[in-house]
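Work through the exercises below with the sequence and the 3D structure at hand. Each task is followed by its solution.

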Amino acid sequence: MIKQPPKESSGSLDKRPNVGRQINGLLQAMYGAVEKEPIPERFLDLLEKLDAAEHAQSSKHAS
Amino acid sequence: MGEGFSFKKELLAHVPPMRAFAMSLCGRVDLADDLVQDALMNAWAKQESFQAGTNIKAWLFTIVRNLFYSRMRKRDREVQDTDGVFSERLSVPPSQNANLDLQDFRKALNTLPEDQREAIILVGASGMTYEEAAEICNCPVGTIKSRVNRARNKLEELLMVSGADDYGPDALNASITQRAF
């Protein structure tokens, strides 16, 4: 599915377009600040472990 | 699942948005990261139920949200301070938004009822469509739309009161810039 950018479609935004844009900008700044952070080590480690455990298990089944 | 689809890679690619969404729910980075960790383990355990080609981001957000409400909600909201949502990540605002008063905005966001805050973050910040947000929150699309509208109206009202009393962009920026971060 193609991700759609948020639409400025509410009626109140049409009446006060600058405030509406300002709100979108602030929301995205807040959210984006977290989203742009590098992925913490703990999640890289976790997924490596989950993947390794699964591979170990499937090769055990195979032999 | 076909060759070339790596569930691990898919999950890894979605860790940043999951963290941002979890932060919006928990308000604290340590709790948010615990929530993301649980959600990743949960997703891994039930990866057979995920159908490749469908919307993995919405699927993962649903897991994050369900875990939050079933296990963490009460505790988190009790300990959340007034600066709450995102406070730890935003002591330094992104440079392109240096003129916006994020502190005031965050406080305004925290005054919203939980369901409205969640809706406006999903639609206004995470890039989810109304339909995806409805799926994640397990409610009708119309409900999401009305929550987003109510949230926007309330935020506009609060931002007007806090100094943005002119609709012109220059006046708005000036009045906000004069306020200390």
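A crossing is left-handed if the near helix is turned anticlockwise from the far one by less than a right angle, and right-handed if clockwise. The model is predicted: local features need pLDDT of at least 70, side-chain atom pairs count only at pLDDT 80 or more, and totals for chains, interfaces and linings use all residues. Residues are numbered from 1 along each chain as its sequence is written, with chains lettered from A and ligands numbered from 1 in the order in which they are written.

**Exercise 1.** Describe how α6(B) and α7(B) cross.

Step 1. Take the axes, which are lines fitted to C-alpha atoms over the stretch in contact, with angles from 0 to 180 degrees between N-to-C directions. Those of α6 (residues 114-124) and α7 (residues 130-137) of chain B come within 9 Å and cross at roughly 140°.

Step 2. α6(B) is therefore oblique to α7(B); angles under 35 degrees are roughly parallel, over 145 roughly antiparallel, 65 to 115 roughly perpendicular, and the rest oblique.

Step 3. The crossing of α6(B) and α7(B) is right-handed.

**Exercise 2.** State whether α2(B) is largely enclosed or not.

Step 1. Apply the cut-offs: buried means 20 or more other C-beta atoms within 10 Å of a residue's own, exposed 12 or fewer, partly exposed in between, with C-beta atoms placed from the backbone.

Step 2. Eleven of the twelve residues of α2(B) are buried, so the rest of the structure largely encloses this helix. Among them are B:F21 and B:L25.

**Exercise 3.** Classify B:W59 by exposure.

Step 1. Locate B:W59 in α4 (residues 56-79) of chain B.

Step 2. B:W59 has 18 C-beta neighbours inside 10 Å, so B:W59 counts as partly exposed.

Conventions
Helix = DSSP H or I, 4+ residues; strand = E, 2+ residues; numbered from the N terminus.
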